[in-house]
Amino acid sequence: MPLLFDVIVDLPEGIAVVPVFAADKAQALEAGKELFPGQRVTVVLKEGEPGT
């Protein structure tokens, strides 16, 4: 079952937060790096999601 993560990206114009569904944190991080190549990316599991 996919979980909802927030991908947080440090862009030149500011911080962006993008929701991503992924099986785990590693997959969400990889998706963020693919969406924003060359940018600093981190992920957090949305609060209240099952398993938190």
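These legends describe several views of one predicted model.

**View 1. The whole chain, with one helix and three strands.** Read along the sequence, these elements follow the pattern β-β-α-β. Taken along the principal axes, the C-alpha atoms fill a box of roughly 35 × 20 × 10 Å. The radius of gyration is 11 Å, which agrees with the value near 10 Å that a compact globule of 52 residues would have. The chain exposes about 3600 Å², and carbon and sulfur atoms supply 58% of that area. Of the 52 residues, 29% are buried. Among contacts between residues at least 6 apart in sequence, 42% join residues at least 24 apart.

**View 2. The open sheet of three strands.** The strand order is β2-β1-β3, and the pairing is antiparallel. β2 (14-22) and β3 (40-45) are the edge strands, each of which pairs on one side only. On average, neighbouring strands of this sheet are turned by 25 degrees against each other, direction ignored. In general, the strands of a sheet pair through backbone hydrogen bonds, in either a parallel or an antiparallel way.

**View 3. The hairpin of β1 and β2.** Two residues lie between these two strands. The strands run antiparallel and are joined by nine bridges. Two of the residue pairs can be picked out here. V7 has V18 of β2 as its bridge partner. For D10, the bridge partner in β2 is I15.

**View 4. The pairing of β1 with β3.** β1 covers residues 3-11, and six bridges join this strand to β3. The two strands run antiparallel. F5 can serve as a starting point, since its bridge partner in β3 is L45.

**View 5. Helix α1 on the sheet.** The helix spans residues 25-35 and packs on the sheet, where it touches β1, β2 and β3. Its direction makes about 145 degrees with that of β3.

**View 6. The largest nonpolar core, with 12 residues in all.** The members are L3, F5, V7, V9, L11, A16, V20, A22, A28, F36, V41 and V43. Each of β1, β2 and β3 supplies at least two residues of this core. β1 gives the most, with five residues. This strand is also mostly covered: seven of its nine residues are buried.

**View 7. The surroundings of F5.** F5 is one of the residues of the largest nonpolar core. Leaving aside residues up to four places away in sequence, F5 touches V18, P19, V20, A22, D24, K25, A28, V44, L45 and K46. Among these contacts is L45, which is also the bridge partner of F5 in β3. Two others, A22 and A28, belong to the largest nonpolar core.

**View 8. D6 in strand β1.** Is D6 buried or exposed? D6 counts as buried because its relative accessible area is 14%, and the cut-off for a buried residue is under 20%. Which residues does D6 touch, not counting those up to four places away in sequence? The contacts are V17, V18, P19, T42, V43, V44 and K46. One of them, T42, is 36 residues from D6 along the chain, yet the C-alpha atoms of D6 and T42 are separated by 8.4 Å. Another contact of D6 is V43, a member of the largest nonpolar core.

Conventions: Residues are numbered from 1 along each chain as its sequence is written. This is a predicted model: local features need pLDDT of at least 70, side-chain atom pairs count only at pLDDT 80 or more; totals for chains, interfaces and linings use all residues. Side-chain values use heavy atoms; hydrogens and water are left out. Two strands pair if DSSP finds at least two bridges between them. Helices (H or I, at least four residues) and strands (E, at least two) are DSSP runs, numbered from the N terminus. Axes are lines fitted to C-alpha atoms, for helices over the stretch in contact, and angles run from 0 to 180 degrees between N-to-C directions. Contact means heavy atoms within 4.5 Å. A nonpolar core is a set of buried Ala, Val, Leu, Ile, Met, Phe, Trp, Tyr and Cys residues joined through side-chain atoms within 4.5 Å. Buried means under 20% relative accessible area, exposed over 50%, partly exposed in between (1.4 Å probe, protein chains only). The radius of gyration is taken over C-alpha atoms; the globule rule is 2.2 Å times the number of residues to the power 0.38. Accessible areas come from the Shrake-Rupley method with a 1.4 Å probe; for residues, only the protein chains shown count as cover.
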